[in-house]
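Please open the structure in a viewer and set the display so that individual residues can be selected. The stops below are best taken in order.

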Amino acid sequence: MSNLTFGIIKPDAVRAGKQGAIIQRILDAGFGIRGMKLIHQTRKQAEGFYVVHAGKGFFDELCDFMSSGPCVVMALEKDGAVKAWRDLMGATNPAEAAEGTLRKEFATSIGENAVHGSDSEENAQIEIAYFFSKLELV
Ligand code: GDP
């Protein structure tokens, strides 16, 4: 699965009606979409997903935000998918995100930053498996 990564169009971007524009940017960048669904995470699901950040100052805010509304979870395919998707997303803080990145265009703050992407191939596999069964990946 080294050519796969995991992405989320976060609740802020879905609330703003930007999911279509973001999906178009993903396709234009040459990713294949192997899995996609709209979900509304419970607080517990968000806590489980972000368990590596448990204990950090922003953890509660992050879990509240990620369970605040629907989001789009995606399994994305491309050569070097993890880096390619992080490059397209841009820096965590939109104030530092480069021109042409999704966070520059769609994020409003370091917390409400429009998209998530795995930071390693290992985490991509874990994160895809958190939201998708094998049957849901085409
Ligand atoms: P990412 O890999 O670029 O998403 O960044 P991190 O793994 O460092 O952080 C995970 C997510 O936690 C980010 O995408 C933000 O939504 C959130 N986050 C990180 N730092 C902060 C912060 O200082 N304040 C708040 N509210 N959220 C943060």
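The tour goes from the strands to the ligand and then to two single residues. The coordinates are those of a predicted model.

**Stop 1: strand β1**

Select residues 4-9, which form strand β1. This strand is mostly covered, as six of its six residues are buried. Display the side chains next: Leu4, Phe6 and Ile8 point one way, while Thr5, Gly7 and Ile9 point the other way. The residues of both sets are buried.

**Stop 2: from β1 to β4**

Keep β1 on screen and add residues 115-117, strand β4. The two strands pair in the antiparallel sense, over three bridges. Which residue of β4 stands opposite isoleucine 8? Centre the view on histidine 116, which has that position.

**Stop 3: strand β3 and its partners**

Now select residues 71-77, strand β3. Six of the seven residues in β3 are buried, and the strand is thus described as mostly covered. Two strands can be shown beside β3.

- β1 runs antiparallel to β3 and is joined to it by six bridges. Within this pairing, glycine 7 has methionine 74 of β3 as its bridge partner.
- β2, residues 32-39, also runs antiparallel to β3, with seven bridges between them. To find a point of reference here, pick glycine 35, which stands opposite alanine 75 in β3.

**Stop 4: the ligand**

Turn to the ligand, which takes up the space of the largest pocket. Select the residues around the ligand: Lys10, His53, Phe58, Glu61, Leu62, Arg86, Thr92, Arg103, Ile110, Gly111 and Asn113. Three of the side chains in this selection merit a distance label to an oxygen atom of the ligand:

- histidine 53, with a polar side-chain atom at 3.3 Å;
- arginine 103, with a side-chain N or O atom at 3.0 Å;
- asparagine 113, with a side-chain N or O atom at 2.9 Å.

A surface view adds a further value: on its own the ligand has 550 Å² of accessible area, and the protein covers 79% of it.

**Stop 5: lysine 83**

Move to helix α5, residues 81-89, and select lysine 83 within it. Is this residue buried or exposed? Lysine 83 counts as exposed because its relative accessibility is 58%, and the cut-off for exposed is over 50%. Add aspartate 87 to the view: its side chain makes a polar contact with the side chain of lysine 83, at 2.7 Å. Then select asparagine 93, ten residues from lysine 83 along the chain; the C-alpha atoms of these two residues are 17 Å apart.

**Stop 6: threonine 101**

The last selection is threonine 101, in the loop between α5 and α6 (102-106). Why does threonine 101 count as buried? Its relative accessible area is 7%, and buried means under 20%, so the residue meets the criterion. To complete the view, show the backbone of lysine 104: its nitrogen lies 3.3 Å from a polar atom of the threonine 101 side chain.

Notes. Residues numbered from 1 in each chain as written. Predicted model: local features only at pLDDT ≥ 70, side-chain atom pairs only at ≥ 80, totals over all residues. Heavy atoms only, no water. Buried < 20%, exposed > 50% of the residue type's maximum accessible area, 1.4 Å probe, protein only. Helix = DSSP H or I, 4+ residues; strand = E, 2+ residues; numbered from the N terminus. Pairing = 2+ DSSP bridges. Near = heavy atom within 4 Å. Polar contact = N/O pair within 3.5 Å; in protein donor to acceptor, adjacent residues only side chain to side chain. Areas by Shrake-Rupley, 256 points an atom, 1.4 Å probe, with all protein chains shown as cover. 1 Å grid on protein atoms, 1.4 Å probe; cavity = no way out; pocket = protein on both sides within 12 Å on 5 of 7 lines; lining within 4 Å. Sits in = over half its atoms within 2 Å of the grid points.
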